[in-house]
Amino acid sequence: MLKGFKQFLMRGNVVDLAVAVVMGAAFGAVITSLVANIITPLIAAIFGKPDFSALTLNLNGAVIQYGAFLNALISFLLIAIAVYFFIAVPVNAMVARMNRGEAPPDPTTKKCAECLSEIPVAAKRCAHCASAVA
C-alpha cells in the first residue's frame, strides 16, 4: 500500500504540480508586496489619494473595505500579465517553432455542399440533410 503511494508521489506530473503550487504562492506574495508597497503608494502620490487598503465605506454599521479589494484586483491583473508575457507567449512561440516543418494532419471531416454541416470524409450521404455527397 505504501509502495503504491510512493509511486504516485514520484510521478513527474505530481512533483511538477507541487513545485508549481509553491512557486505560484511565492510569486503571488511577491506581486502582492509589489502592489501594496510600491504601486499603490505611487498611484496615491500621483492622484493624491490615500493608500487603497485604507479606503472603506460604512453602510448601516457594516464596513466595506473596497480598497483592499482594489489592491487584490491590481495584484491579480499584474500576475495575469506576468504569466501571459513571461510564460504563455514564450511557450506558444517555442511550440510554433517546433511544429514549423510539420505538415498539418489530414482532415477527418468535410462540409456538405447542401447544408454546410460537418460530415465524415468517407460519408456518401449527409447525416443532416440526406443529400448525396460526391
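How many aromatic pairs does the count come to? I am working from a predicted model, and I get one aromatic pair.

**Entry: aromatic rings.** I looked up which residues make that pair and found Tyr84 and Phe85. Their arrangement is edge-to-face, with 80° between the planes. I noted 5.0 Å from centre to centre. I then checked how far each residue is open to the outside. Tyr84 is partly exposed at a relative accessible area of 45%, and Phe85 counts as exposed at 51%.

**Entry: charged side chains.** I searched for salt bridges and found one in the structure. Which side chains meet in it? I wrote down Glu118 and Lys111, at 3.3 Å from N to O. Side chains of opposite charge can pair when their charged atoms come close. For Glu118 I have 43% relative accessibility, so this residue counts as partly exposed. For Lys111 I have 51%, so Lys111 counts as exposed.

**Entry: cysteines.** I looked for disulfides and found zero. Why is Cys112 not bonded to Cys129? The closest cysteine sulfur to that of Cys112 is the one in Cys129, and at 3.7 Å it is too far for a bond; the cut-off I used is 2.5 Å. I also looked up Cys126, which is in no disulfide. The nearest cysteine sulfur to Cys126 belongs to Cys115, 3.6 Å away.

Are these cysteines buried or exposed, taking Cys112 to begin with? Cys112 has 1% relative accessibility and counts as buried. Cys126 is buried too, with a relative accessible area of 5%.

Technical notes
Residues numbered from 1 in each chain as written. Predicted model: local features only at pLDDT ≥ 70, side-chain atom pairs only at ≥ 80, totals over all residues. Heavy atoms only, no water. Salt bridge = Lys/Arg side-chain N within 4 Å of Asp/Glu carboxyl O. Buried < 20%, exposed > 50% of the residue type's maximum accessible area, 1.4 Å probe, protein only. Phe/Tyr/Trp six-rings, centres within 6.5 Å; stacked < 30°, edge-to-face > 60°.
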